[in-house]
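Morning, everyone. I'll put the structure up now, and then we'll walk through it together.

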Amino acid sequence: MLRTTPFHERTAPLSLGQNWRRWAGYTVASSYELSHDREYFAIRNSAALLDVSPLYKYHVNGRDASRLLDRVVTRDVGKSKVGQVLYTPWCDAHGKVIDDGTIARLGEQSFRITSAEPNFRWLGDNARRLDVSIDDVSDRIASLALQGPNARSILEQAAEQDLTSVKYFRLTTASIRGTPVTITRTGYTGDLGYEIWMEAGVAIPVWDALIQCGTPYGIVPCGILALDVARIEAGLLLLDVDYVSTRHALIEAQKSSPLELSLDWTVSFDKPHFNGRAAIHAERARGAAWKFVGVEVDWVSLEELFTTLGLAPRLPTQAWRTSVPLYDGNGSAQVGYATSGCWSPILKRYLTLAHVEARYAKPGTPLTIEVTVEHRRKRALATVRSLPFFNPERKRA
Amino acid sequence: MTTRSGRYDAIIIGGGHNGLVNAAYLARAGRKVVVLERRHLVGGAAVTEEIYPGFKFSVFSYVVSLLRPEIIRELDLPRHGLEILPLESTITPMFNGDYLGSWADHDQTRQELVRHSRRDAEAYDEYGKLMHHMAMAVKPILAMVPPDPTSMAPSDLRGMLKFGLNFRSLSRKHFHALYKLMTMSSGDFLDEWFETDVLKATKSASGIIGTFMGPRTPGSAYVLLHHYMGEIDGAFRAWGFAKGGTGAISESIASAARELGAEIRLNTTVSQIKSTGGRITGVVLESGDELASDVVVTSLDPKRTFLTLMEERDLPADFVQDIRRYKIRGSSGKVNCALSALPDFTCLPGIGPHHRGAISISPSMEYVERAYDDAKYGEFSRRPYMDIVFPSMIDPQMAPPGRHVMSVFVQYAPSNINGGWDATKREAFGDAVIDAIERVAPNIRGTILHRQVLTPQDIEDITGLTEGNIFQGELALHQLFFLRPAPGWAKFRGPLRGLYQCGAATHPGGGIMGAGGRLAAREILKDGIR
């Protein structure tokens, strides 16, 4: 039997189509309504409330807490300030990515790290001879994401606190209806948004407060399908979809380095040591073989493939998560593969996230992409774009 | 670029969406252009205004479907702020306390139809498929300059061939259906498909929007198709709501046009289009200033352009005659309300998903036809057909938190009402609208904080659209394609060298489509006058 999250009592009756999916051993809503359209537009136009409790969460405390994290991840945790949140990948000794997540600095010697997969053992293995405690709080801490342009107004009312001083990737503590919570200005949508962290036992009153304060602002409970479109627009990669963890990779070619995932900005070579440093350093010197980029499918070319058959173009309004071959501009050689794609209702563009050979990674580079039209494999024109595709000012404002 | 200093390569009269689209495309081609807008904001009939503090209204045109995807793409309108939100359902409350619903989910709609008629539930899919084929056949025509079938010019012959080939893909059955759509009344056409009265009434209502026709008037079936051609994300018949109201669409086009180098002058009224020896020379402004250009593009309706801004002696007599005969026939009004709370519909009590879609007041064919009868004899409908939406339910920013705006499109309100419109009639018309809503939502009156009633006369006074028709002339077959607005003048040109038309009175007609603006720009660039 799969587990349910601390919000299940509220989310279960909302699920009109019983459209659930698995996430880290939990059931969560794919969409609450029969289609995810309105949930998507809530992310971009009002506010969406997402149950993100299945994330893995670890509390790392102690004198050497930041030393431990600095050994593990590529970002410089020691330099971070209390109240700051860092996004970071972490690697094996060969500089290939194991997982990615966020690290919130709750205190000088107190951190919370989130991840897509279990990392208790990995953190422990790296903590030898360090004065640090690692607690798996995945089940103990429930979390909600409140994302969208109205997120701040709603949360300010629920927490009865001004949040304008909480900048992008910063956190604050607050109280919602007497329940202590941590609010981080983070999310997986590339929009203005927050994540709210609380003890699982008091999750329901927090949900209720947010729904109540959010209703006049158009809050909509939102499932994973809508989130998937938003995160592609935001150019945010997803473990097991856009890259394979070294833990699961069966062959070398399945692994990716942070540089190959275009996460160069997260690698702090200033740090004398972290897992994979030497390998990544050497890779930087010779240049990464692959890059992770945005690729836009050309509309006119796609439409033509359908029109010649007397059909209107069919668009992926639900994001796809399969590997699709990418070829060079002439279509003569395969130069990469797209791993996620969707029609962006807000940008009116067909977007994909893709791995391409480094020399094809420059924005503007013409490519062709395989599309299946009426059972036949065709190729449409496509162009490399810089990420994120969608980056509203309000995200950081 | 060979711009003579101080001169414009083109002057566009009217900052409605078509004028703005036209300016954007001309500017994109390197032309120095200026748009002259009489009001303090761009948009024409596609404007958002805060007519009551804190409440924003799409004052006239209120939904979007027809805006051409190629324009959104080519002008990169999403980057300029265009966001289209889905408007998913339509509910028709009936006077017996029941309702007919059409929802975003296919199964849900089907189940709903089964409640009314098992046969219709099955016919519905087939009907949808037929209309899809019709829309596919008509779609390329939206992007073509209408060829003149009486002309032997190679371009016209090529155009007619292209036009004909377009229908080659249609099966015989489909061709017959298309012919029927072009000639029948929407009521008769729907009778061939459905038996449920309220379903036919609601569908036929989209065949009368913005026209002076009843559901039993021959030719009204075409308007069904006109409203079916709208396309959002590749799906036909998708209706949407622009975030920020329809004014946001105009603003996004204006922003694109400005970025491309177009100049937009607000509060600038043109009083005359000047010509000499059959050539356009520029415009005279109400201020007395003159602007010189060899090209003037009008986005206004043809009566306003040719009968008020130009001297009759400057135009061919038969052309003036045709423009006089052109039927505009304003037939609809608009009521915009600021609400303290949402109305509670007897048929679906409480607040629900139906508040996020359209509410159609079209309970029966007879109701709609009788609404037309009033108008036929020169009165507004005592019991009008109405299309109601609550934009604040789709975009909460349209009203203060917890409050709402209601947009009511009302038909019929004839522009040439007996004795003319006045304040008393306007209020009586507004009362008739609220009375009619009250029949299905008894608490409506108590929720109204502010009411704005717009008669066709008001629409004309504010926007300048003759007879207050937002389509700039009836969408009747005798005024479409190569006959819009006048035989021989359907190719976006006027009868003088350098004079062009790009408004809804040109092919392919009304709605926030922008096709006229884009096609006209293409023709102007082809002629090479500057």
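So, for a start: what radius of gyration would a compact globule of 530 residues have, and what does chain B have? Keep in mind that this is a predicted model. The rule puts a compact globule with 530 residues near 24 Å, and chain B comes in at 22 Å, which agrees. If you lay chain B along its principal axes, its C-alpha atoms fill a box of roughly 65 × 55 × 45 Å. In secondary structure, we're looking at 18 helices and 21 strands in chain B. Buried residues account for 56% of the 530. And take the contacts in chain B between residues at least 6 apart in sequence: 72% of those join residues at least 24 apart.

Okay, chain A. Here there are nine helices and 20 strands. Its radius of gyration is 21 Å, close to the 21 Å from the globule rule for 397 residues, so chain A is as compact as a globular protein of that length. The box for the C-alpha atoms of chain A is roughly 60 × 50 × 45 Å, again along the principal axes. Of those 397 residues, 49% count as buried. For contacts in chain A with a separation of 6 or more, residues 24 or more positions apart make up 67%.

Now, where do the two chains meet? On the chain A side, 22 residues are in contact with 19 residues of chain B. Helix 2 of chain A, residues 37-45, gives the most to that side, with three residues. By type, the chain A side splits into twelve nonpolar, seven polar and three charged.

Next, a helix pair in chain B. As a reminder, two packed helices are described by the angle between their axes and the distance between the axes. Have a look at helix 4, residues 118-142, and helix 5, residues 154-168, both in chain B: they pack at about 160°, with axes 9 Å apart. Anything over 145 degrees counts as roughly antiparallel, and helix 4 and helix 5 of chain B are therefore roughly antiparallel to each other. The crossing of helix 4 of chain B past helix 5 of chain B is right-handed. Who makes the contact? From helix 4 of chain B it's Ala137(B), Pro140(B) and Ile141(B), and from helix 5 of chain B it's Phe163(B), Asn166(B) and Phe167(B). That contact comes out as five nonpolar, one polar and no charged.

Last stop, still in chain B: is helix 8, residues 197-205, largely enclosed or not? Eight of its nine residues are buried, so helix 8 of chain B is largely enclosed by the rest of the structure. The buried set runs Val198(B), Leu199(B), Lys200(B), Ala201(B), Thr202(B), Lys203(B), Ser204(B) and Ala205(B). Yes, you heard two lysines in that list.

One residue to watch around there is Met365(B), in helix 13 of chain B, residues 365-376. How many other C-beta atoms sit within 10 Å of Met365(B)? There are 23, and the cut-off for buried is 20 or more, so Met365(B) is buried. Leaving out residues up to four places away in sequence, Met365(B) touches Gly187(B), Asp197(B), Lys200(B), Ala201(B), Ser204(B) and Pro215(B). Take Ser204(B): Met365(B) is 161 residues from it in sequence, yet their C-alpha atoms are 8.1 Å apart in space.

That's my tour, over to you.

Definitions and conventions. Residues numbered from 1 in each chain as written. Chains lettered and ligands numbered in written order. Predicted model: local features only at pLDDT ≥ 70, side-chain atom pairs only at ≥ 80, totals over all residues. Axes fitted to C-alpha atoms, helices over the stretch in contact; angles between N-to-C directions. Helix = DSSP H or I, 4+ residues; strand = E, 2+ residues; numbered from the N terminus. Parallel < 35°, antiparallel > 145°, perpendicular 65-115°, else oblique. Left-handed = near helix turned anticlockwise from the far one by under 90°. Contact = placed C-beta atoms within 7 Å. Nonpolar A, V, L, I, M, F, W, Y, C, P; charged D, E, K, R; others polar. Rg over C-alpha atoms; globule rule 2.2 N^0.38 Å. Buried ≥ 20, exposed ≤ 12 C-beta atoms within 10 Å, placed from the backbone.
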